[in-house]
Amino acid sequence: MTVMMSQRRGIHLDQSELLCKKGCGFYGYTGWQGLCSKCWREENQREKQKQIQEDWALAERLQREEEEAYASRHQRALSQSTITPFSKFEERKTKEKSSKVNTVTKFFTPSTKTPPKKDAAPFEAQSTPSPSSSSSRHSSAENDHATREFIDFLKPLKSGREIFKQCRAFTESMVYKRDMAADELSECVQDFYQNLSDRLQTQFKGSSDHVESVMDEVEKYMMTRLYKEVFCPETTDDEKKDLAIQKRIRSLHWVTIEMLCVPVDEEIPEVSDSVVKAITDVIEMDSKCVPKDKLGCITRCSKHIFNAIKVSKKEAASADDFLPTLIYIVLKANPPRLQSNIQYITRFSNPSRLMTGEDGYYFTNLCCAVAFIEKLDGQSLNLSSEEFELYMSGQASPHWPQATGASSCSPSSAALSQVHKRLDMLTGLGERQERVMEKARQLESDLIDWTDEVEQKVQSVLESFPPETQNPATTTASGTTSTASSAIDADNVENELLPPPLQPQVFAG
């Protein structure tokens with residue numbers, strides 16, 4: 001194990017790197033530039049306030065310029081009124097006043113290019129699923145079930161009715177915001193979480209456990225109803241990122257446990273079982289709708305990883321062992337819509353759950369594992385750049401040399417060597433199959449050419465014996481003659497197609 005530790009390069013992660021860069025003590029996230037959700041929102045608020053101030057300054061400057069231009073025009077009009085008749089002055093004044101009125105009217109009148117407001121249609125028409133769609137009916141059943149559970153949870157609370165009304169009104173209002181950017185949707189949800197949490201803190205007089213339980217149910221109710229609207233929205237490139245990371249993981253299928261220095265022995269049944277459960281849990285994350293449930297899958301996966309390491313090493317696992325093993329699990333699982341799930345949790349999870357606790361810790365490690373996979377290179381796997389490129393292109397597969405020591409004689413090394421031998425056999429069989437297919441294609445081409453040649457010969461023979469024109473009056477009388485002529489023509493065609501008979505050869509004595 002000491003050797004494995006000394007060979008590890010590029011995978012070690014200091015635990016301080018998981019924390020927010022602002023030094024607040026909460027967990028940070030790479031998608032938020034290393035900040036926690038609290039600091040990230042504060043940073044966004046400062047940026048927005050700065051932008052608002054700049055917009056106000058621009059508006060004030062434009063207003064001053066407009067007032068100065070108007071004063072200049074008015075001054076010129078007064079100077080011209082001393083030399084023009086009074087009637088023309090009144091006419092000019094009337095035109096100027098009407099021009100100002102029209103300008104103000106145009107400014108406050110909505111443009112004809114402005115799209116109609118979404119609230120023009122009733123909410124029922126937008127939110128009610130089509131009865132003909134089975135998926136819509138299934139989604140509606142899930143929404144109804146979540147609503148009933150939420151109501152049952154809120155019944156014992158004095159303010160339960162008010163909480164339900166606020167949550168329902170908010171989810172209904174979010175339907176009209178489906179075209180907003182994902183960050184704006186996230187900000188709306190996070191603001192609602194924060195405001196409701198503050199009110200609950202006042203109501204329950206600082207009972208954080210009670211507040212957290214209520215917020216968990218609020219998140220479950222809201223995100224079950226909003227899942228289809230806010231998960232992987234069309235306004236983002238989440239789907240593109242999903243395909244990119246899926247392709248990247250698929251291209252790294254050759255990475256082995258030894259390359260990542262993973263302290264796991266899959267020959268042990270309990271360890272193998274934990275690895276399978278960890279893979280299952282991280283894949284199951286995509287089937288959940290609520291951020292808390294998705295985080296629960298990540299937490300269960302991580303605990304299975306810690307158990308596999310503990311059984312393999314016969315001692316408690318460390319953070320240096322956990323991250324490489326998590327990377328290995330992600331590579332083996334290749335979870336569906338990985339980036340979309342990470343973004344969904346980041347945008348719409350209860351922020352306090354991501355900043356602290358085991359859910360936040362394991363989620364931060366998963367984000368680090370994905371970032372590591374995206375930047376994985378030969379140095380991280382103790383390989384040269386040439387070997388790494390060969391493996392990535394599929395031109396070679398990693399063959400581990402037999403080294404001295406106990407590790408080289410391990411069952412995993414023997415199994416790996418056997419796998420490589422079988423891969424070489426499959427490669428040879430593939431080449432042989434390609435040669436057979438090439439000959440089959442050539443035979444098919446020859447058959448097509450022979451068929452065309454036969455058809456041409458038949459056509460030429462038929463054209464050399466044109467049918468005789470017969471008199472309708474003598475058709476009956478000449479029936480026997482026509483039949484005999486057809487037989488003669490058929491014999492001629494057959495003689496033309498058949499090869500000439502072999503002639504006896506006379507050899508000189």
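How many helices and how many strands are there in the chain? The count comes to 19 helices and zero strands. Keep in mind that this is a predicted model. Here's a quick tour, from the whole chain down to two residues.

**The chain overall**
- The chain has 509 residues, and 32% of them count as buried.
- About 32,700 Å² of the chain is exposed, with carbon and sulfur atoms supplying 56% of that area.
- Take the contacts between residues at least 6 apart in sequence: 71% of these join residues at least 24 apart.

**A nonpolar patch on the surface**
- V419, L423, L426 and L429 together make a nonpolar surface patch of about 360 Å².
- If you want to find V419, look in helix α18, which covers residues 411–464.
- V419 counts as partly exposed because its relative accessibility is 43%, and that class sits between the cut-offs of 20% for buried and 50% for exposed.

**A buried threonine**
- T299 belongs to helix α12, which runs over residues 291–313.
- With just 6% relative accessibility, T299 counts as buried, since the buried class takes anything under 20%.
- So what does T299 touch, leaving out residues up to four places away in sequence? Its contacts are E358, D359 and Y362.

**Two residues to look at side by side**
- V419 in helix α18 is partly exposed at 43%, whereas T299 in helix α12 is buried at 6%.
- On the surface, V419 shares its patch with L423, L426 and L429, while T299 has E358, D359 and Y362 as its contacts beyond four places in sequence.

Key: Residues numbered from 1 in each chain as written. Predicted model: local features only at pLDDT ≥ 70, side-chain atom pairs only at ≥ 80, totals over all residues. Heavy atoms only, no water. Patch = residues over 30% accessible without salt bridge, like charges linked within 9 Å, V, L, I, M, F, W, Y side chains within 5 Å. Areas by Shrake-Rupley, 256 points an atom, 1.4 Å probe, with all protein chains shown as cover. Salt bridge = Lys/Arg side-chain N within 4 Å of Asp/Glu carboxyl O. Helix = DSSP H or I, 4+ residues; strand = E, 2+ residues; numbered from the N terminus. Buried < 20%, exposed > 50% of the residue type's maximum accessible area, 1.4 Å probe, protein only. Contact = heavy atoms within 4.5 Å.
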